[in-house]
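These questions and answers introduce a predicted model. Each answer sets a value against the term it is meant to satisfy.

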Amino acid sequence: RKLHLPGRGTIIVRDEGPRDGIPVVMSHGWTVTADLNYFAQYAELAKTYRIIAFDHAGHGSGLRPRGRVSVKRLSEDTIAVVDALGIDQFVMFGYSLGGTVAQLMARDHAHRMAGMVLSATRSRFRTSDLRVWPAIMATIAGAIRSAPQPLVDGVFTRILAKRTEGLHPWGTFQVSQHDPRSLIETGASLFNFDSTDWIRGIRIPTAVVITEDDDKIPAKAQRALADLILGASLHPTPGMHDAPLVVPETYNVALMQALDSVVSRL
């Protein structure tokens with residue numbers, strides 16, 4: 001359904017499951033949409049929980065802010081969504097980029113979060129082998145802001161065609177809605193993200209679903225994040241970075257165990 005966020009705009013929000021169920025806000029990964037990331041999880045989670053999902057700014061049908069988009073901005077958008085829905089406390093589930101959003105929210109809005117589930121994410125994205133990426137992406141984003149829109153659209157269309165080769169037409173449509181400038185700015189912020197100095201202070205119930213065969217975020221880095229969070233439970237599951245889409249039958253088992261672990265500690 002459409003939801004108006006004062007001062008931000010109108011956003012499309014998926015709100016499913018029992019109204020008296022514990023709200024679970026689902027924060028998706030970079031360059032995908034909420035539905036593309038989680039379409040194979042919705043039905044299972046909605047049997048027990050009230051699930052809230054929406055596209056982040058610049059992604060799919062998400063907001064199109066005039067200002068710069070960052071992980072911080074995405075966390076504030078998320079708080080605006082739960083405020084507009086009248087939800088006081090909720091469990092945050094963050095995947096990849098969504099995991100950084102969840103970590104920031106646990107730091108800045110801990111009184112609103114009943115618990116947190118992280119998956120396929122890490123505490124530090126600015127690793128030595130990626131240290132130049134934030135600057136490169138910021139430069140590209142600046143160029144997109146000043147470039148003629150037809151040129152930007154043409155380049156994005158060509159990149160999209162290569163990235164989505166073999167993807168189901170529905171999936172191609174999902175990513176075709178992205179805003180290139182916002183997407184690149186989000187990437188620059190993501191690769192600058194580092195929570196290692198403050199994540200140890202998080203005190204809300206937390207579970208970490210580890211994608212054991214992840215080709216983007218090594219399982220070792222995911223475990224290192226879990227080690228930094230007091231009392232975090234571990235829930236390993238086979239699969240690469242696209243595990244929720246490709247092997248939902250095993251991923252969903254681990255995810256439900258993680259949510260149940262968090263809820264049991266509320």
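Q: Which residues does Asp55 touch, not counting residues up to four places away in sequence?
A: Asp55 touches Ile11, His28, Thr33, Ala34, Asp35, Gly60, Ser61 and Gly62. A contact here means heavy atoms within 4.5 Å. Asp55 itself lies in the loop between β4 (50–54) and α3 (71–84).

Q: Why is Asp55 said to have no salt bridge?
A: A salt bridge needs a side-chain nitrogen of Lys or Arg within 4 Å of a carboxyl oxygen of Asp or Glu. The nearest side chain of opposite charge, Arg64, is 7.3 Å away from Asp55, so there is no salt bridge, although Asp55 is buried.

Q: What makes the approach of the Asp55 side chain to the backbone nitrogen of Ser61 a polar contact?
A: The side chain of Asp55 reaches that nitrogen at 2.9 Å, and the cut-off for a pair of N or O atoms is 3.5 Å. The backbone nitrogen of Ala34 also lies 2.9 Å from a polar atom of the Asp55 side chain.

Q: How do you know that β1 and β2 pair?
A: Pairing requires at least two bridges. β1 and β2 (residues 9–16) have four, in the antiparallel sense. In one bridge, Leu3 has Ile11 in β2 as its partner.

Q: Why are β1 and β8 placed at the edges of the sheet?
A: The eight strands form an open sheet in the order β1-β2-β4-β3-β5-β6-β7-β8, with mixed pairing. β1 (2–5) and β8 (233–237) each have a single partner strand, so one side of each is left without a neighbour in the sheet.

Note on methods: Residues numbered from 1 in each chain as written. Predicted model: local features only at pLDDT ≥ 70, side-chain atom pairs only at ≥ 80, totals over all residues. Heavy atoms only, no water. Helix = DSSP H or I, 4+ residues; strand = E, 2+ residues; numbered from the N terminus. Buried < 20%, exposed > 50% of the residue type's maximum accessible area, 1.4 Å probe, protein only. Lys, Arg positive; Asp, Glu negative; His and termini not counted. Polar contact = N/O pair within 3.5 Å; in protein donor to acceptor, adjacent residues only side chain to side chain.
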